[in-house]
Amino acid sequence: MKQLNRQTANTTSSYPVKVLQFGEGNFLRGFVDWIIDILNEKANFNGSVKIIQPIERGIVHLLNQQDGLYHVLLNGIQSGKETQETRLITCVSGAINPYDDYSEFLKLAENPDLEFIISNTTEAGICFEEADTSMDTLPSSFPGKLAALLYHRFKHFNGAADKGLTMIPCELIEKNGAELLQTVLKFARHWGLSVEFTSWIRQSNIFCNTLVDRIVPGFPKDNIKEIQEELGFEDNLVVKAEPFHLWVIEAPRSVQQAFPTDKAGLQVKFAPDLTPIAPAKFAS
């Protein structure tokens, strides 16, 4: 059985990094990265994903061993029919652990092609940590890391309005984008950062509220050997998921144009306001 990497899989596709993703867990890899992979194939998104490990212990070393490749196995009922589909995800260009190299993490902000920040750091991930008193060392919380990254980008590009980013959090809390914005601004005040920076955050960046829905059982440990034999690769990052998926993003039309899911037949909807939808989702 072959080790899974870009040479053995015979895939050399290379796109600029347009997305930084905080979180390497099963849900993001079986939902967001699956969507971006289809966007590259069907909608000329032409972008890759760099994954950031949001906590000290994680699996980015496994992702790098496989050159960012892994398989998503869809299994379930779709449109009343049993569906089985296997997809090799190729859009992930690599992963980093900022706890190993903080400067490498900050340098990601210097990428002029970067457009999106996507995250899923659990329901408790969008929180303020008063103990993160400066950016001299890596902040412990996800919003603190994001604030440090955005400040580095602000400084590197001299506050250019066109270098702002679109944040699309997938944490399962109501008004996740608005909450993330307020927490980032709280860090800016906590660290005594300039008014110019906070104005740039508000005016040049977009924080989207979202709703996400897909059942992702994750790594099929009970029958992984049989699956690997069928795949022909020793893939240690296989993700199982159900076919149904829904992603609703509250964002201006410019975000929809930059993230053209409508051209790929995906169940990703853009809405001007999630308020009528969110209560039903969070009550379920």
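Colleague: Why is K163 called buried or exposed in this model?

Modeller: In this predicted model, K163 has a relative accessibility of 17%. Buried means under 20%, so K163 counts as buried.

Colleague: What makes the contact between D162 and K163 a salt bridge?

Modeller: The closest N and O atoms of D162 and K163 are 3.6 Å apart. The definition asks for a nitrogen of Lys or Arg within 4 Å of a carboxyl oxygen of Asp or Glu, so the pair qualifies.

Colleague: Why is D162 called buried or exposed?

Modeller: D162 stands at 60% relative accessibility. Exposed means over 50%, so D162 counts as exposed.

Colleague: What makes R87 and D37 a salt bridge, and which parts does the pair tie together?

Modeller: The closest N and O atoms of R87 and D37 are 3.0 Å apart, and the cut-off is within 4 Å. R87 lies in strand β5 (residues 81-89) and D37 in helix α2 (residues 32-42), so the pair ties together parts that are 50 residues apart in sequence.

Colleague: How do you know whether R87 and D37 are buried or exposed?

Modeller: The limit for buried is under 20%. R87 has 15% relative accessibility and therefore counts as buried; D37, at 5%, is buried as well.

Colleague: What makes R87 and E41 a salt bridge, and why is E41 called buried or exposed?

Modeller: The side chains of R87 and E41 meet at 2.5 Å, N to O, and the cut-off is within 4 Å. E41 has 51% relative accessibility, and exposed means over 50%, so E41 counts as exposed. Salt bridges link D37, E41 and R87 in a network.

Methods: Residues are numbered from 1 along each chain as its sequence is written. This is a predicted model: local features need pLDDT of at least 70, side-chain atom pairs count only at pLDDT 80 or more; totals for chains, interfaces and linings use all residues. Side-chain values use heavy atoms; hydrogens and water are left out. Helices (H or I, at least four residues) and strands (E, at least two) are DSSP runs, numbered from the N terminus. Buried means under 20% relative accessible area, exposed over 50%, partly exposed in between (1.4 Å probe, protein chains only).
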